[in-house]
Number of protein chains: 2
Amino acid sequence: MDAARTELPSASLAGRVASGDERALARAATIVERGGAGARELMRELFPNTGRAVVYGITGAPGAGKSTLVNAMARLLRGRGKRVGIIAVDPSSPFSGGAILGDRIRMQSHHGDEGVFIRSMATRGWMGGLARATAEMALLMDASGREAVLIETVGVGQDEVEIARLADVTIVVMAPGMGDDVQAMKAGVMEIADVFAINKADLEGAEKLEREIGASLSLAMREDGWLPPVVKTVASQGQGVEEVLEAAARYGERRQGRERAERVWAERLRAMLGERVLEGFPAEEFRRAAAEVAARSTDPYTVVEGWMKEMGRGRA
Amino acid sequence: MDAARTELPSASLAGRVASGDERALARAATIVERGGAGARELMRELFPNTGRAVVYGITGAPGAGKSTLVNAMARLLRGRGKRVGIIAVDPSSPFSGGAILGDRIRMQSHHGDEGVFIRSMATRGWMGGLARATAEMALLMDASGREAVLIETVGVGQDEVEIARLADVTIVVMAPGMGDDVQAMKAGVMEIADVFAINKADLEGAEKLEREIGASLSLAMREDGWLPPVVKTVASQGQGVEEVLEAAARYGERRQGRERAERVWAERLRAMLGERVLEGFPAEEFRRAAAEVAARSTDPYTVVEGWMKEMGRGRA
C-alpha cells in the first residue's frame, strides 16, 4: 500500500499533519470535529496516508480500570518508540458536551509527551454521530503517523458495538468484585471481545471471574473460530500489559485484514452518505416540518417522501 | 388533537391495529421491524392515531433491577385499567441478534395478558438504527391504543441518550452496592434522568447512594429548572413503584410538551431522511466502493460526492 502514498505539499495543513507535526494535528482535529466541507477536504487530502495504524478499542464496565490500562498500553508502546493516539469517547454528556474521561486521562502521565496525542469526544447528535466522528478522528491520527490508536469507551451500548467494529482489535476490560449481576454486561461484550483483560487481578475474585469468562466463551464459538485470550493485569503497576498487546497482535496477524476493512468501509460509506445528504438541509426546514408533524397536521412519512422528490430535482 | 384522528377501514391492518387488536399489532410490529416501504405506508396510515401514549424510558446499570421495576410498573398500570406496551432494548448482541432482556421479561408475570404487549429490539445496523427503530415501535404501540409505553434499555451509552430523548420521561434505576466506581456511570446518566429510582432500597448502602445522588444533583442545575425526584423502591415487592409513577406524572405535567415534541421530531425527521436516502442504494454499490477505498485506490470523500451528484440527477 505504500506505493499509493502521495507527497503532500509540506506547507499545507495536510502536509504538516502527514509529517507528524503535533500542532498541525491538534488544529486538524478541531476541523474534523467541526465536520462539514472543510473537514472533508482535509481528510480527502490525507486519506492516502492512512491505513498504517493499529486501532485498539478498549471497553468495559465503569470502574474496571480502562483508563489505567490505556495509559499503561500507551507507556509501553512509547517505550518501543511508537507514536500513539488516544481517543477517549465519552457519550455521557450530550447536553453539556462534557468529557469526563478526557479530563481524567489528561491529568495522567503523558502530559507533555508529544508522542502521545490525546483527544476526547463527546456525543455528536442523533444517528450514530459519535461512532462516525470517532472513526474520522482515528483516521486523522493514522494519517499523522501514529502507529497505534487507542480508543477508550465507557459503558456498553450501541456506541461500543459500533466502535468495536471500527477497531482492528477490541479489548474488553473487567475487574473482580463489581457486583453480582455483571452477567448482563458480560453478555453484552462477549461477542465484541477479541481479547479479555481481567484487571485488578490482585483482588479477590479474579480467578472466579476468569472461570466465568472461560465458561461463557466455551458456550459460544465465534464465527471466525477465534478463541479470545483472557489476560490478567494489574494495570496500575504495569503488570500483564505486555501480554495484552501480545494477545492483540496475535489476533491482528490471524485476521483477514482486507476483508474486514472492506466490511467496515461499506458501513462507513453508508453513514457518510447519510450525513452528507443531511448537510444540504437547513435546520430551519427540519424545525418547520417538525412543528407540523407534532401538531399531527401532516405525518413524517409524507414529509420525507417530499424531500426525496426535491432531492431528485437537484436540490442537495 | 382528537379532532384530527381519522377513521381507518376496520378490515385493513392499520384499522385493526388502531382498534387495539393484539394479533394485528404483533403483525404490524414485525413489518415495522423489517422497515422499508411497507413499514412506512403502514405507519403513515396509523400516524393520526398517535400522540396519546406516555412514553417512559427506564435505564441504568446492569443489575439495578430495571426489568423488575418495568414489570412492577406495568402491573400497576394494568391495575388502573391502562393498556401497556413494553419495549426491551438490547443493544448487546449485534451478531447473533439475541435479546437477553426480552427473554427475561417474557418469562415473567405478564404472559398471557393481552393488556401488556412486549417486544424486544436488538441492534439494527450502524448510525443509530436502534434508537430509530425503537421510536417507530413506540409510535406503533401508541397507535394501537397503549396508554403507556415502557422502554427498557441496558447499560449507558449513546443509545440510552437517544432513547431518553424520545421518551416523555426518563427514569434512571440504581441500586446500592454495585461497586465503588459507579461514579462514572452516574455521571453518564445524571443529565438524562428526570426521575431517579433507588431500587433494592432495603439493602445496605441505600442511604449512602441517596446522599450521593443528592450531592450530584445539587452541583448541576438543569436548564429547565427541574430537580429530579429520588424515589426508593423495592420493585420485587412492588414498594415505591406508585411513587415512581407519581414523580413521572409530576414531571409530565410540568413540561412544555409541544416544544419538546417539536425538538424530538426535528431529530427524527433527520434520521428518517438519512435512512430513506440509503434505501435507494443497493448494498452491492457500497461493497464495491468499499473495496476501492480499502485498497486506497480512491478515497471515501470523493466517492460520497459522486453519489451526491448522481442523486441530484434523480437517481434515488
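Reader: Why is strand β5 (residues 169–174) of chain A largely enclosed by the rest of the structure?

Author: Buried means under 20% relative accessible area, exposed over 50%, and partly exposed in between, with a 1.4 Å probe and protein chains only. Six of the six residues of β5 in chain A are buried, so the strand is largely enclosed by the rest of the structure. Strands here are DSSP runs of E with at least two residues, and helices are runs of H or I with at least four, both numbered from the N terminus.

Reader: Is this model predicted or not, and how are its parts numbered?

Author: This is a predicted model, in which local features need pLDDT of at least 70 and side-chain atom pairs count only at pLDDT 80 or more, while totals for chains, interfaces and linings use all residues. Residues are numbered from 1 along each chain as its sequence is written, chains are lettered from A and ligands numbered from 1 in the order written, and side-chain values use heavy atoms, without hydrogens and water.

Reader: Which residues of β5(A) point which way?

Author: A:V169, A:I171 and A:V173 point one way, whereas A:T170, A:V172 and A:M174 point the other way.

Reader: Which strands pair with β5(A)?

Author: Two strands pair if DSSP finds at least two bridges between them. Strand β1 (residues 54–60) pairs with β5(A) in the parallel sense over five bridges. Strand β6 (residues 195–198) also pairs with β5(A) in the parallel sense, over four bridges. A:V172 is the bridge partner of A:T59 and stands opposite A:F196 in β6(A).

Reader: How many helices and strands does chain A have?

Author: Chain A has 13 helices and seven strands.
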